[in-house]
Every structure is written in C-alpha cells, then in structure tokens.
Amino acid sequence: MASATSSGVGRQNPALRRTVTSTTVTTDGDTSAVASPFDSPRPSASSTSLSSLGSDNDVAAKKPAFGKLTDTYGNAFEVPDYTIKDIRDAIPKHCFERSAATSLSYVARDLACLAGTFYLFHNYVTPETIPSTPVRALLWAFYTFVQGLFGTGVWVLAHECGHQAFSPSKVLNDTVGWVLHSALLVPYFSWKISHGKHHKATGNLERDMVFVPKTREEKASRLGMLAHELSELGEETPIVTFIMLLGQQLVGWPNYLMTNITGHDFHERQSEGRGKGKKNGFLGGVNHFNPSSPLYEAKDAKLILLSDLGLAITISTLVYIGNNFGWSNLLVWYFIPYVWVNHWLVAITFLQHTDPSLPHYTGESWNYIRGAAATIDREFGFIGRQLLHGIIETHVLHHYVSTIPFYNADEASEAIKKVMGRHYRADTREGSIGFIKAMWRSARMCHWVEPSEGAEGEGKGVLFFRNSNGLGTRPLKMSPPSQ
C-alpha cells in the first residue's frame, strides 16, 4: 500500500503515515497523519449570517483558544473542522446495508477453518504418521497459532454482533454473538454494554473503558513521587518494557474482565450509586460478571446473568472434554489457542488507542468527534484483512459509525478520508511487521499523558503521551509545590 509523508510542523517523524489510494483526497498538501489534530468541530458563522458581516477579529475572538498543542512526535496538533454529519453524508448509502446471509457465511467459513484444522492435525499429526516427537511438537505449536488466528476472527464476528453490524435483526445479532463469544469465554452482553460505553466516551480520561492512560499526577503517585519529579525520572530499561508487554499480552484480557484494569476508575459517579466505595482491581467490586458492578445499571442484571450462563455452559463443556479426552490434549486443543486469541485482542485494542500521535481529553475538553478521531488505523496484511476481518485496518471509521459491517468498511473508510483530510491517521509502514514494531514503540514512548507546554485555555484539557525514556517531546518541567 502506498503512503505519503507529511509536510507537518515541528520535528517530523516519518513513522506515522496515512494510507493513500486512488480515491484519497489531500488537504492543504498534507496527506499524513503525523500532525495529530483531534478536536471537535465548533459552529462557525455562516457566510450568509449577520454574524459573518463582522470583522475578522470578531470572528477569530469567538474561536476557542487551544494554544500550541504538540504530540509525542513533536508534531503540531490542529483542530479539525468537520462534523459527524459530514462523516455520515460522505459514506455511500450501500455501505450501511447489513446482510445476515453474508455475515453468516463468514461465521460458517471461520468455524469450518477451526474444525478443518483440528481434523487435519488430530488425524494426521500423530506418532504413526510423524514419528519424530520434536517435529510433532513444532507442528502442534503451529496449530495453536493458526487456531488462535481463526478464533480471533470468530471473536471479531461476535464483536460485529455486539455493534448490530452483523445483520438488521437484533435477535439474530445477539443470539449469534452470545453463542460465539460464550464459546471463547467472553461474557457477551456484559462486554457489549461496557464496550458500548467505550464507544460513547473514547479518549475521555474520566469515562472511557479501555486503555485509559495515567495522567502525570497518577503516574507519579503510583511511583511514590511528586508530579514535578517525573521529568527527572531515569530511563525505563528495555527488560522492564518487555516484561510489562509480556504480562499485558498474556493476562491482559482476563484481567480486564475481572478487574476493569485499563478502564476509568471514576465509579463513584455511577448514576444509581452502585459505584460507592468500589475501585478497579481484584476484590474492588468492578468486574464484568457481577450484575451489581458499577459498569452496569439495574436494568442490565438479566443480561449479565445470561452472559454468565453462557460462560458456565462453555466451562462445563470444557470440563467434560478434559475429563474424557485428557487435560493435556485440551491444553493444546483449546487453552493455548485461547491465549493466542487474548494476545491478538489485547494487541489490537492497545494499538488502536495507544500511539505517540494520539491525544486524550479531560471531561471538559472532550466530545464525541474528538474522541472518535483519537484512534488510528494500522495494517496487518492478509491476516488482518482476511482472517481478522479488517478490524485493524478500518478502526477510525468504526468509531464514527460502528454499525457499518466489516465487508463495507474499506470503501466507507476511503469515503471519510475525504472529510478528515490530514486529520485521518494510519500507520501502515511494513505491514504486519510494522504492527509488531508499533507495540514496542508505543510501550517505550507512551507512559503517561499531560498537557502541551504551549497549551492555553481549552487546550490544557488536550493531553498527549510523554515518557521517561527521552523519546520524542520531553515532559514539562514543573516547579515543586510551594511549601
């Protein structure tokens, strides 16, 4: 896929480039996502209104003051001037059409891939056909990897169901989603509800539900430091970064379900009062399994219990298989592929919402347009587009219109690029290898968020990643608190 560099402002980094196609429209000569502009549109005076007859200074005075905003790469951040109506109007009508038959055909395809792979390995990767134990071990390891990819594809199809992008029928969507996600040990309705809240508050530090970064103050407190001391913090060694990433990829998903570990922690604000005294973490009362969790309202109780029932059925089935066919077999057949599914899910979500170019917002500076734009498309080649149904490559569109089915998402993404212009971001360099490299880059560069040095007014509520590794834009120099 072709890409183009940006003319940008400040210290340019070519690592972040937007995808360019034959239908892509450039804006002001800038075809890159490097300049990271993610602010909501503001109503401006019509050219025919009385207010437009005033002086240029009068009009400029009504614009919100943001000051100079700078992302982690050192690029200037600007405010986009489009609306959600602009986005929706740019998308061809047929892209909104959902087909139950088409979606079910993908379910059948993915399940056939899972079943066919199991059949082949179970019948042909045996001591009789392959006497060498090391060779068989390598082949079964490859089996777990492949089944993990197919399983992730199934996960994505259930994700489509949760967004009602699977078909026009809510009953069919929720039935298929419940069955597929339950088979993957995902509490379907519980996840669907919290995930919907993520979409309604993406990038909002006080309301978002996934990969909410620590503010400078929170990071300092966690390290037993004061905020001003973070700028003198020593470099994080690569081994520490690696261990953090390893833990995130191995147990990040179940940990999130059990503790809401990367979600917001403002549960005291829950409208029904069920968040009082509850915090993220083990035994903190915030999880995806308890109907009384502050992630949900009282009306959701039956759906949470139905999700738990789905898990109970799957667990009972796994126990039966383990007892009758051997737990070591089940480890290879199901649990290691399950870990691969969790790995891909966490990696995908992490990189959709964590990048040196991405802003986050305080509650006062956030709105839907800004938050939905604070995401990034990436590229994972054949695996991403065919096996994982494009969830990596079309995520920006997904946050604007989540009911568009994945098989129409590429066309719709091209359409909204014409509206977003330089505000659309995609990191597509090196395809799947670039995706893996981005995990390391984001882990090294994205430690906490803070305002830009030149931020003014509302711009102080637009926060960008900073780090202690001396990479990219340096953290603010802060004075110690007065005695």
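The following exchange concerns the fold, one helix pair and one strand of a predicted model.

Biologist: How many helices and strands does the secondary structure of the protein comprise?

Modeller: The protein has 483 residues, of which 52% are buried. Among contacts with a separation of 6 or more, 70% join residues 24 or more positions apart. The secondary structure comes to 15 helices and 10 strands.

Biologist: Which term describes how H9 and H10 are oriented to each other?

Modeller: Helix H9 spans residues 301–325 and helix H10 spans residues 327–353; their axes lie 7 Å apart and form an angle of about 135°. Angles over 145 degrees would count as roughly antiparallel, and 65 to 115 as roughly perpendicular. The angle of this pair belongs to neither range, and H9 and H10 are therefore oblique.

Biologist: How many nonpolar, polar and charged residues does the contact of H9 with H10 have?

Modeller: On the H9 side, the contributors include Leu 318, Val 319, Ile 321 and Phe 325. On the H10 side, they include Trp 327, Leu 330, Trp 333 and Phe 335. Polar residues also take part, among them Thr 314 and Asn 323 of H9 and Asn 329 of H10. By class, the contact has 9 nonpolar, 4 polar and no charged residues.

Biologist: Which residue of E10 is the bridge partner of Pro 359?

Modeller: Strand E10 covers residues 462–466, and 5 of its 5 residues are buried. Strand E8 (residues 448–451) pairs with E10 in the antiparallel sense over 4 bridges, with Pro 451 opposite Leu 463. Strand E5 (residues 359–361) also runs antiparallel to E10, joined by 3 bridges. Within E10, the partner of Pro 359 is Phe 464.

Technical notes. Residues are numbered from 1 along each chain as its sequence is written. This is a predicted model: local features need pLDDT of at least 70, side-chain atom pairs count only at pLDDT 80 or more; totals for chains, interfaces and linings use all residues. Side-chain values use heavy atoms; hydrogens and water are left out. Axes are lines fitted to C-alpha atoms, for helices over the stretch in contact, and angles run from 0 to 180 degrees between N-to-C directions. Helices (H or I, at least four residues) and strands (E, at least two) are DSSP runs, numbered from the N terminus. Angles under 35 degrees count as roughly parallel, over 145 as roughly antiparallel, 65 to 115 as roughly perpendicular and the rest as oblique. Contact means heavy atoms within 4.5 Å. Buried means under 20% relative accessible area, exposed over 50%, partly exposed in between (1.4 Å probe, protein chains only). Two strands pair if DSSP finds at least two bridges between them.
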